[in-house]
Amino acid sequence: MAEYAHPETLAGTGWVAEHSADPRVRVVEVDVDTKAYDEGHVPGAIAWAWNTQLCDIVRRDILSQQKFEELMSASGITPDTTLVIYGDNNNWFAAWALWQARIYGHRDVRLMNGGRKKWLSESREVSTETPQVRPTNYRAQEADLSLRAFLPQVEEAVDRRSAGLVDVRSPQEYTGEILAPPGLPETCQRGGHIPGARNIPWGRACNDDGTFKSADELRRIYDAEGIDGTRPVIAYCRIGERSSHTWFVLKYLLGFDKVTNYDGSWTEWGNLVGVPVEREQAASSARG
Amino acid sequence: MRAEEFQERRVEVAGWPVNVASYRLGAAWHSQADNVSPGAGLARVTAATREEAEEKALRRAAELLARTRRH
């Protein structure tokens, strides 16, 4: 069985249980439902709220370098800290946080494999106490934008087939039957997908317990849709968090060199004037 | 404190597959419902029993799923 390309980017729940109190390790919970942390969390973990602390809500952007430095400093993190991130929904927004940490050059950042669900299902210790943190003076690196796709790169990928586009939303979102996951706000004017995109829902990368599938299984899933690492890949979803999860899989578990996350995603493309969309059924959706 | 008796199952609500998980933390039972395919959380509730928690989570999930517009 093949190994993950970068197994060091994953931390098992057992490893986290042994190291969560290690001063060289900082465990951070990032949930879709920002109230989940208060219910009980990994002892010693702090929480980041994706909707206020991990984005610029005025510019609709990721954190600026300065804001990222402020967050890391307030979280007691230094450039040498092993940062372990986990969360609900199989690490949706944990992956979003990891993506930004990599953009700003944090060297050792890992996802807890299986996320919050696996921790709870294993009946591991949880705490309702928020730990005291000694602030640091964190200095980030310049943003590495090779990890991020902007609209012009996506338009080029559509026009010239210069990159493989992976739509990681559900088949119903991909075809335009629904405009957002049920229960979440519709953030676009029309449904469908970016022309040429393949539909490989993010959840296909996960086992039932929330952990990632094996490298061999992952390679088969993406190979079947022509995503094999031989050309650049752009992943997108609705607002960029589910595609962060797929970005992580392709970049670190399969080791593809040129993988970007288009965080403008369907909220941007679906509202553009004068650009086409496609709405046909994905072949992959029939396979579930 | 540890999460005890974690359990999850898949049901259909308003025509959508829904995953409902429940567990006990201390004296409180927690339940959450997620829609399976997009994977998004629908409801998270607390109650005195597992049955009550799951019922509340599924009721809330049904409300949200019923509002989903198909285009």
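Chain B of this predicted model contains one helix and four strands. Following the sequence from its start, the elements of chain B come in the order β-β-β-β-α. The radius of gyration of chain B is 12 Å, close to the 11 Å that the globule rule gives for 71 residues, so chain B is as compact as a globular protein of that length. Measured out along the principal axes, the C-alpha trace of chain B spans about 45 × 20 × 15 Å. Of its 71 residues, 41% count as buried. Among the contacts in chain B with a separation of 6 or more, 27% join residues 24 or more positions apart.

Two residues give a closer view of the strands of chain B. B:Glu5 is found in strand β1, which covers residues 3-13. Its backbone deserves a look, for phi of B:Glu5 is near 55 degrees, a positive value in a residue other than glycine. Is B:Glu5 buried or exposed? With 10 other C-beta atoms within 10 Å, B:Glu5 is exposed, since a residue with 12 or fewer such neighbours counts as exposed. B:Arg24, for its part, belongs to strand β2 of chain B, residues 16-25. Here there are 18 C-beta neighbours inside 10 Å, so B:Arg24 counts as partly exposed. Leaving aside neighbours within four places in sequence, B:Arg24 is in contact with B:Glu4, B:Glu5 and B:Trp29. The exposed B:Glu5 is thus one of the contacts of B:Arg24. Another pair links these strands by distance: B:Arg24 and B:Gln7 are 17 residues apart in sequence, and their C-alpha atoms are 9.8 Å apart in space.

Chain A comes next, with eleven helices and nine strands. The radius of gyration of chain A is 18 Å, close to the 19 Å that the globule rule gives for 288 residues, so chain A too is as compact as a globular protein of its length. Its C-alpha trace spans about 50 × 40 × 35 Å along the principal axes. Buried residues make up 48% of the 288 residues in chain A. As for contacts in chain A with a separation of 6 or more, residues 24 or more positions apart account for 76% of them.

Within chain A, one pair of helices can be followed in detail. Helix α5 (residues 88-103) and helix α10 (residues 241-253) of chain A pack with their axes 7 Å apart, at an angle of about 70 degrees. The two helices α5(A) and α10(A) are therefore roughly perpendicular to each other, as angles from 65 to 115 degrees are counted in that class. The crossing in which α5(A) passes α10(A) is left-handed. Which residues of α5(A) meet α10(A)? On the α5(A) side they are A:Asn91, A:Trp92, A:Phe93, A:Ala95, A:Trp96, A:Leu98 and A:Trp99. Facing them in α10(A) are A:Glu241, A:Arg242, A:Ser244, A:His245, A:Trp247 and A:Phe248. By type, the residues of this contact divide into eight nonpolar, three polar and two charged.

Two loop residues of chain A add local detail. A:Ser123 sits in the loop between α6 and α7 (151-160) of chain A. Although A:Ser123 is not a glycine, it has a positive phi of about 55 degrees. A:Ser123 has 13 C-beta neighbours inside 10 Å and therefore counts as partly exposed. A:Asp80 lies in another part of chain A, in the loop between α4 (65-74) and β4 (82-86). With 9 other C-beta atoms within 10 Å, A:Asp80 is exposed. How far is A:Asp80 from A:Ala157? The C-alpha atoms of A:Asp80 and A:Ala157, which are 77 residues apart along the chain, are separated by 37 Å.

The last topic is the contact between the chains. The contact takes 32 residues from chain A and 23 residues from chain B. On the side of chain A that touches chain B, α2 (36-39), α5, α6 (115-121) and α8 (171-175) each supply at least two residues. Helix α5 of chain A therefore appears both in the packing with α10(A) and on the side that touches chain B. The residues on this side of chain A divide into twelve nonpolar, eleven polar and nine charged.

Definitions and conventions:
Residues are numbered from 1 along each chain as its sequence is written. Chains are lettered from A and ligands numbered from 1 in the order in which they are written. This is a predicted model: local features need pLDDT of at least 70, side-chain atom pairs count only at pLDDT 80 or more; totals for chains, interfaces and linings use all residues. Axes are lines fitted to C-alpha atoms, for helices over the stretch in contact, and angles run from 0 to 180 degrees between N-to-C directions. Angles under 35 degrees count as roughly parallel, over 145 as roughly antiparallel, 65 to 115 as roughly perpendicular and the rest as oblique. A crossing is left-handed if the near helix is turned anticlockwise from the far one by less than a right angle, and right-handed if clockwise. Two residues are in contact if their C-beta atoms, placed from the backbone, lie within 7 Å. Ala, Val, Leu, Ile, Met, Phe, Trp, Tyr, Cys and Pro count as nonpolar, Asp, Glu, Lys and Arg as charged, and the others, Gly among them, as polar. The radius of gyration is taken over C-alpha atoms; the globule rule is 2.2 Å times the number of residues to the power 0.38. A residue is buried if 20 or more other C-beta atoms lie within 10 Å of its own, exposed if 12 or fewer, and partly exposed in between; C-beta atoms are placed from the backbone.
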